[in-house]
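This report describes one chain as a whole and then a single residue at a contact with it. The structure is shown first.

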Amino acid sequence: MAAILEAQPAPTTLKEKKDKPAVIDTDIHNAPQSKTTLLKYLPARWRRHHETVGMRGHVGSAYPRAVPNAARHDSWPPNGLPAGSDLDFMREQLLDAWDIEYGILNPLLGAGNQLNLEYGAALASAINDWQIAEWLEPEPRLRASIVVANEDGDLAAAEIERMAQHPGFVQVLFVVRTQEPMGRRKYYKIYEAAERHNLPIGIHFGGAGGGPITGAGWPSHYIEDHGGMPQAFQAQVASFVYEGVFERFPKLKVVLIEGGFAWMAPLMWRLDRTWERMGNEVPEVKRPPSSYIREHMWISTQPMEEPPQGKYFRQLLTQLDMDDRLVFATDYPHWDFDAPDRAIPVKLAQALEEKIMAGNARKLYGL
Amino acid sequence: MIDCDIHNEVPSLQTLVAYLPDFWQDYIAESAFVGPDANDYPAGAAITARPDAKPATGGPAGADIGLLRQQLLDALDIEVGILNCAYRVSSVHHPDLAAALATAVNQWQVEQWLDAEPRLRASIVVASQLPDIAVAEIERWGGHPGFVQVILPVRSHTPYGSRLWDPIYAAATKHDLAVGIHYGGAPGHPSTPSGWPSTYIEEYAGMAQVFQSQVISLITEGAFDRFPTLRVALIEGGFTWMPSLMWRIDKEWKGLRHNIPWVRRPPSDYMREHIRLTTAPLDAPPTQDELAQIIEQMDSDEMLMFGSDYPHWHADEPTAILHSGLDANIVRKIGTENAREFYRL
């Protein structure tokens with residue numbers, strides 16, 4: 001495979017960093033240090049549950065990761081703690097090393113996928129309190145996503161109400177494989193609460209909604225699970241648009257995290273053209289789908305698109321026409337980490353690079 | 001011109017009853033079975049039929065060979081047209097009933113279409129829920145010169161790269177038949193990784209993602225390594241998404257190929273060698289330049305084959321891609337040559 005040779009700078013030295021554009025990392029994964037970390041944040045009733053039955057999701061959905069915790073080998077702290085669980089090591093390896101101005105925490109701990117919804121809600125509250133105490137308070141560069149039991153609108157909206165006033169929380173977190181397409185009515189109370197508090201809905205890679213992870217049944221391998229995530233994102237984009245969610249919630253913002261972005265322009269064309277022929281089924285949708293997408297949606301850059309030629313990358317940015325909507329992310333500490341100084345495969349105009357690396361996220365999250 | 005996607009519609013279940021053995025005729029009469037439980041093309045939906053394609057004599061669009069000749073074969077001067085009958089036997093839970101219906105559909109295709117019109121070729125309809133049953137049907141028709149392909153719905157109960165499907169690929173390659181994966185299907189589970197969409201427009205547009213899942217599966221699960229001569233056509237799923245899929249899966253392979261050591265080349269190499277896509281729906285971008293870019297980004301001028309998708313009615317005219325300012329050489333390859341080579345016409 002031809003490598004992209006265009007504008008592949010050498011790794012940055014500390015001295016050079018001063019001239020580098022600011023970096024905001026919109027996707028960092030923090031993890032508990034052990035199985036008992038969250039216990040003190042759970043009420044007694046759910047602590048008992050946590051210690052006995054524990055987590056129960058849609059079993060049968062698992063694909064073993066290529067590496068433990070899907071983490072970079074070098075992200076396991078020398079003190080033996082799990083990857084992503086040691087704030088000091090995260091500072092050293094990520095925030096300081098790359099001079100990250102702000103980093104957004106997206107803990108992926110399964111609260112939203114619990115079959116027992118009330119346990120999921122208790123777990124979500126515990127995770128959010130743990131984030132405040134052990135991440136947001138000690139480290140001013142960090143912001144976090146509100147974890148919610150997203151399959152129940154009432155429970156999730158209540159958690160948003162509980163957390164929204166805390167200045168450290170900047171978004172509400174879903175994982176992309178939900179039980180139902182996200183345009184459906186069961187999620188509207190969540191959007192209502194998010195819109196009320198001007199919090200974007202972040203949709204992150206992963207999850208298990210109960211059905212097969214493709215529209216054609218269960219695949220066999222992790223590469224299909226991992227490489228197949230863009231299909232789930234595309235389905236969610238179509239659902240938001242065709243269900244008229246942005247007509248119902250005109251101030252709602254949606255951030256697509258770790259789903260890639262090369263598929264977005266072709267998807268917009270397909271949604272537009274299909275709407276031209278069959279829009280009469282969804283009269284609530286008053287404008288071409290692409291216009292809602294460009295207005296209401298943001299996309300994180302990791303995993304960076306790597307076409308075989310730099311020219312194709314430039315074409316895709318032009319086709320996408322979402323210069324104000326791409327936000328940089330590393331996905332630390334996961335194995336498919338994108339490094340701030342070499343993620344973008346071509347040399348961009350400085351203004352655009354600054355937008356993608358920090359400016360767009362600063363506006364989106366009010367940083 | 002060669003048209004790789006024409007729909008011949010079974011007028012009604014009664015049409016097939018005449019081709020069924022007594023047992024199944026009785027079964028259908030007694031059980032009030034009304035046909036496969038699928039709704040890929042709701043009767044009144046705009047995409048289902050161009051407004052002038054409904055036969056004056058009644059019946060669904062695509063059921064009248066006279067109208068097909070007039071509106072498509074003669075109107076566009078089609079040299080060869082390939083029929084993709086979308087009768088959904090694979091969504092019938094009773095495997096023997098599904099198998100009997102498949103045989104009836106194929107017999108009907110031979111008598112009413114292939115024998116009647118020398119410009120037509122057809123796809124073998126199979127009950128794919130049990131691969132052995134599908135193989136028997138392929139064996140029944142594999143020697144008939146009118147059949148050039150085995151047709152499978154894109155929505156399967158298991159992705160098509162699984163070894164479960166190997167008997168079908170063994171039979172298809174033995175008879176030098178292509179495998180066509182076509183829009184639609186009703187395996188009983190949701191059409192998206194996150195549940196059932198509410199609307200038909202969402203389901204229709206979302207079918208492109210199911211095609212993407214099948215491409216990933218075919219390559220990463222090794223179908224083309226086990227069957228190096230396997231040829232797969234993706235029909236009525238769009239194609240503008242193809243470059244983005246190539247880039248993504250090539251990148252995945254770079255990081256994860258140690259998990260699938262049988263895949264020795266970048267996935268996009270397999271796509272360019274084994275996979276072809278028909279051109280409708282075009283899902284046209286706003287400008288001709290962008291369309292030309294997408295085709296350039298495939299790094300191959302051999303992957304696209306003209307398909308009118310008659311009698312379906314998309315936002316773009318079926319022949320729009322041939323009049324989009326593309327290089328004349330590419331237009332010739334899309335309009336004729338790629339299909340001639342792929343289908344051995």
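The text below covers overall dimensions, burial, surface and charge, and then one glutamine.

The model is predicted. Chain B is made up of 345 residues, and its secondary structure amounts to 12 helices and 8 strands. Its radius of gyration is 19 Å, which agrees with the value near 20 Å for a compact globule of 345 residues. Along the principal axes, the C-alpha atoms of chain B occupy a box of roughly 55 × 45 × 45 Å.

The main values for chain B are collected here.

| Property of chain B | Value |
|---|---|
| Radius of gyration | 19 Å |
| C-alpha box along the principal axes | roughly 55 × 45 × 45 Å |
| Exposed area | about 11,800 Å² |
| Distance between mean positions of positive and negative charges | 8 Å |

Among the residues of chain B, 65% count as buried. Of the contacts in chain B with a separation of 6 or more, 81% are between residues 24 or more positions apart. Carbon and sulfur atoms supply 51% of the area that chain B exposes. The chain carries 24 positive and 44 negative charges.

The remaining item is a residue of chain A. Gln315(A) belongs to helix H11 of chain A, which spans residues 310–320. Is Gln315(A) buried or exposed? Its relative accessible area is 11%, and because buried means under 20%, Gln315(A) counts as buried. Leaving aside residues up to four places away in sequence, Gln315(A) touches Gln293(B), Glu296(B) and Gln297(B).

Key:
Residues are numbered from 1 along each chain as its sequence is written. Chains are lettered from A and ligands numbered from 1 in the order in which they are written. This is a predicted model: local features need pLDDT of at least 70, side-chain atom pairs count only at pLDDT 80 or more; totals for chains, interfaces and linings use all residues. Side-chain values use heavy atoms; hydrogens and water are left out. Helices (H or I, at least four residues) and strands (E, at least two) are DSSP runs, numbered from the N terminus. The radius of gyration is taken over C-alpha atoms; the globule rule is 2.2 Å times the number of residues to the power 0.38. Buried means under 20% relative accessible area, exposed over 50%, partly exposed in between (1.4 Å probe, protein chains only). Contact means heavy atoms within 4.5 Å. Accessible areas come from the Shrake-Rupley method with a 1.4 Å probe; for residues, only the protein chains shown count as cover. Lys and Arg count as positive and Asp and Glu as negative; His and the chain ends are not counted. The place of a charge is taken as NZ of Lys, CZ of Arg, CG of Asp or CD of Glu.
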